[in-house]
Amino acid sequence: MKIFRPFSTLLLLAAVLLQQASFTRASRLLYPANPARLEQAQPTPQPFTGASDPIQNSYVVRAYFTNPEMVRLVTSRWEPWEVNYQAGYLVLEVDASGIEYLRASGFAVEIDQKLTYLVNRPAVFLPDQTEGIPSYPCYRTVEETYAAAEGIATAYPNLATWLDIGDTWEKITPGGSAGYDLMVLRLTNSLVPGPKPKLFVMSSLHAREYAPAELSTRFAEHLVSRYGADPDITYLLDYFEIHLLLMANPDGRKKAETGLAWRKNTNNNFCSNTNSRGVDLNRNFDFAWGCCGGSSSYACDETFRGSSIASEPEVQAVQAYVSSIYPDWRLNDDLTTPADTNASGIFLDVHSYGKLVLWPWGFTSSQPPNSSALQTLGRKLAYFNGYTPEQSIYLYPTDGTTDDFAYGRLGLPAYTIELGTAFFQDCNSFRNVIVPDNIQALLYAAKVSQAPYQSPSGPDAFDLQMLPSSAAPGESILVQATVDDQLVLGGEPTQIISAAEYSIDQPTWSSAAITYPLQATDGFFDEKTESVQATLDTSTIAHGKHTLYLRGRDASGNWGPVSAFFFAVIDPAIAPRLYGYVRDASNNIPLDALVSAGNFSIHSQPLSGYYEIYLLEGEYTLTASAPDHATLTVNNAFLKNGQSMRQDFYLLPTCPLFFDDIESGNPGWDAGGSWAISTEAFHSPMHAWSDSPGGTYGNNRNISLTSPVIDLTGAINTQLSFWHIYDLEAGYDYGYVEYSTDGGGNWTVAATYNGVNQTTWSQVTLSLPALDGVATAQIRFHLVTDSTVVEDGWHVDDVQISAGQMNCAPPMAPTAQFMADPTAITGQVLQFINLSTGTNPLSYQWDFGDSSSTVASFEPQHSYVLPGIFTVTLSVSNTLGNSIYYQPVLVEPFLPTEFIYLGGIYLSAPAD
């Protein structure tokens, strides 16, 4: 275990004194407060006057500043909810005396009525809510989070371990509540030996931040539920360890669950018996503690750093655990010695809110010694979640923080991620935006924890395909992928791709791996994005399921992270066989489709639509997808060794069922409030919808642009697409895309937008399966604003609803065709494969040429009693016409085994 060394505050102050004296924000432009806004600032506290408002204890205010020193003054005492340098204000929770302090310090102060109400209202359950935090059912309580983690450890004993790493303040203090154990959920495949690279993620260190703990819990569920099915996640759990401290401050979190905006732990030795008691755990860590004006020594302040370095049991437990799982990669704790660039492991501290990715240092504007690599990884993480990446100091000064400890003491690449746009983040935004964006960021962090100071500088490999993904021994498999050095957010140098390699069953970075090169598909490595390929020879690969690992290298010699893909080498003599045809459901035309069975896939033949693939025994989800057609899925297909299974797919063609390019007037939209067609901004010339043409939207708006009723009868795979730009006050004003299945009676949120996307039009495509087959479908663009700041608003263009439907294809007269064995013997059952095309419904009439009854089925079977040559006739008709197809069949007599055929004469074989 690491022994913590005392940190010399005097030496540290000497090192940072000059930087602090000239503190600036290099990465952001600072704008003075808007004079018009300052005139509107309220001179004295004004309590919320709603009919049911609670007794006012605190206010959430916007404090407008004119220089960065004012920010430093505030952040040494309070932790701002938000710092908006462009608009020149802070969002803070203060009491009446705090408002007077801010005014006396030169701030103009406004009360945010909505947030003030939220922070003071009683915690109440929503109608029918039975779990989660009151009013926020998407966020699990401490007990529910612990139960979920225990359930994961029970259900996946080889993948998950639930570890007690220490106690909270209340747990070790007699006479009060029981307190909690601090618990880590460790995820890794225990059957694969280590040592392994490690990702450590801690969440909700500040109690009032609901989203982080829930994100980490959902990340754990995402990983274990996809192990064995998703090759990348299987790779991560086999060869990495992921350590999740889901609730880093459970004592404080229980206070926050009652509706309090609680931040600190609950140590009652400081600011005793008040709702301001406790220590700010993110100012108590053993590095740069109390050094530089980034925390407070006053016990009732939000940023109170504690009475001594690492005084709190929660901090002691985290420091001890992190130091036990990571070596010290930075042997000198000064401000200039870099960490070993061969280090492995990443430390993440997940908070809310602010949409930020922050890295050390937070106490000085001097750059850390590994600054370039820390910045690169920070920008990579920001690429996935769309957040702002910057060194922590450029938000405001902090000291004694988690990421400075993890990097300063241990040399780990360490980051604070600030999720979303609110402490009281609505559940729709959390589920639909925060979770999917940040799951991807966490997966990337796990991938690069093997070489975090190196691999983020290298290219990323994706779109990995193996065709076919299962093959008999000796058959070849084509390996294809895209390698791209440009998947990074802003300002990062990019390089030409110079190489790519793959390995089988061992990651390419492993000393046990044998690597093989891939070539550029066009023959030359000369672009920053390259398609690469190789031919995999299966002759020396054992039967069974395997994993291919692939990565790329750029011209600077940087290898990027590994991506994984499953394939199988299968003995066709015993393996299950899946086969069939893929056709257009409207006219039976064969399709060139990708047919997938779990992770295995193959393309159907373009001329016939036929596919055939050998698999490993097991249960599969089968899918078929083709361009301009709706994907079709078949669940729970169980294939056994030695058996064949036919599965045909009939895919509906897709087409637009509603389209408005806003160029021909209003085709039936209900434009509520100020929504109107405008020419001030557009995607396709010259018009688009705008919620506020010619200006900004108003305060307290609740206005919608609602489509006409759209008949989606018979439709499947319904998708909504549109182009938009928006400028909405971050965290306060929201644009919602909603849909209705009952003609506008009820609405469901499909997507949420907030903040700024004002310069580049972007296309959004949303899958809306709930609208499949709905005869009274509607969609709407719904704007909701608060009572303060107004912005330019939302512009929407080129709205389209598309789906698969029978009438998407043009009418087609029939063409009869079938396939069958040209020879048979008497009594043998012949299977006729119908290849006829034409707009459905088609009627079929089969005549087998032997005076038997005609048959009207699609694909009949038939056996002949007598030998001879018979002409099989298929007649196919629809409302557009009729077509006939003929094929002869030679039927020979069945011969017992004691006869042989010689020169046209059947002779008896000699007896044994």
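This is a short tour of the structure above, from the whole fold down to its disulfides.

**The whole chain**

Keep in mind as you look around that this is a predicted model. Start with everything in view and the C-alpha trace switched on: along its principal axes, the trace spans about 115 × 65 × 60 Å. Now change to a cartoon, where you can page through 14 helices and 50 strands.

Next, colour by burial. Of the 912 residues in the protein, 55% are buried. If you draw a contact map, take the contacts between residues at least 6 apart in sequence: 73% of them join residues at least 24 apart.

Turn on the surface as well. The accessible surface comes to about 36,200 Å², and carbon and sulfur atoms account for 53% of that. For a look at the charges, select the 44 positive and 93 negative ones; their mean positions lie 10 Å apart.

**The disulfides**

Hide the surface and select the cysteines. How many disulfides does a search of the whole structure find? The search finds four. With bonded cysteines counted along the chain, their pattern reads 1-6, 2-5, 3-4, 7-8. Three of the bonds are stops on this tour.

*First stop: Cys 271 and Cys 300.* Zoom in on this bond, where the S to S distance is 1.9 Å. The link is right-handed, with 100 degrees about the S-S bond. Both Cys 271 and Cys 300 sit in the loop between helix 10 (250–256) and helix 11 (313–325), 29 residues apart. Is Cys 271 buried or exposed? Cys 271 counts as buried because its relative accessibility is 13%, under the 20% cut-off. Cys 300, at 28% relative accessible area, is partly exposed.

*Second stop: Cys 291 and Cys 292.* Select this pair and you will see a disulfide with an S to S distance of 2.1 Å. The torsion about its S-S bond is about -105 degrees, so this disulfide is left-handed. Cys 291 counts as buried at 5% relative accessibility, and Cys 292 counts as buried at 6%.

*Last stop: Cys 655 and Cys 808.* Here the sulfur atoms are 2.0 Å apart and form a disulfide. This pair links distant parts of the chain, 153 residues apart: Cys 655 is in strand 30 (residues 654–660), while Cys 808 is in the loop between strand 40 (793–804) and strand 41 (818–819). Rotate the view along the S-S bond of Cys 655 and Cys 808: its torsion is about -65 degrees, so the disulfide is left-handed. Cys 655 and Cys 808 are both buried.

How values were computed:
Residues numbered from 1 in each chain as written. Predicted model: local features only at pLDDT ≥ 70, side-chain atom pairs only at ≥ 80, totals over all residues. Heavy atoms only, no water. Helix = DSSP H or I, 4+ residues; strand = E, 2+ residues; numbered from the N terminus. Buried < 20%, exposed > 50% of the residue type's maximum accessible area, 1.4 Å probe, protein only. Contact = heavy atoms within 4.5 Å. Areas by Shrake-Rupley, 256 points an atom, 1.4 Å probe, with all protein chains shown as cover. Lys, Arg positive; Asp, Glu negative; His and termini not counted. Charge placed at Lys NZ, Arg CZ, Asp CG, Glu CD. Disulfide = S-S within 2.5 Å.
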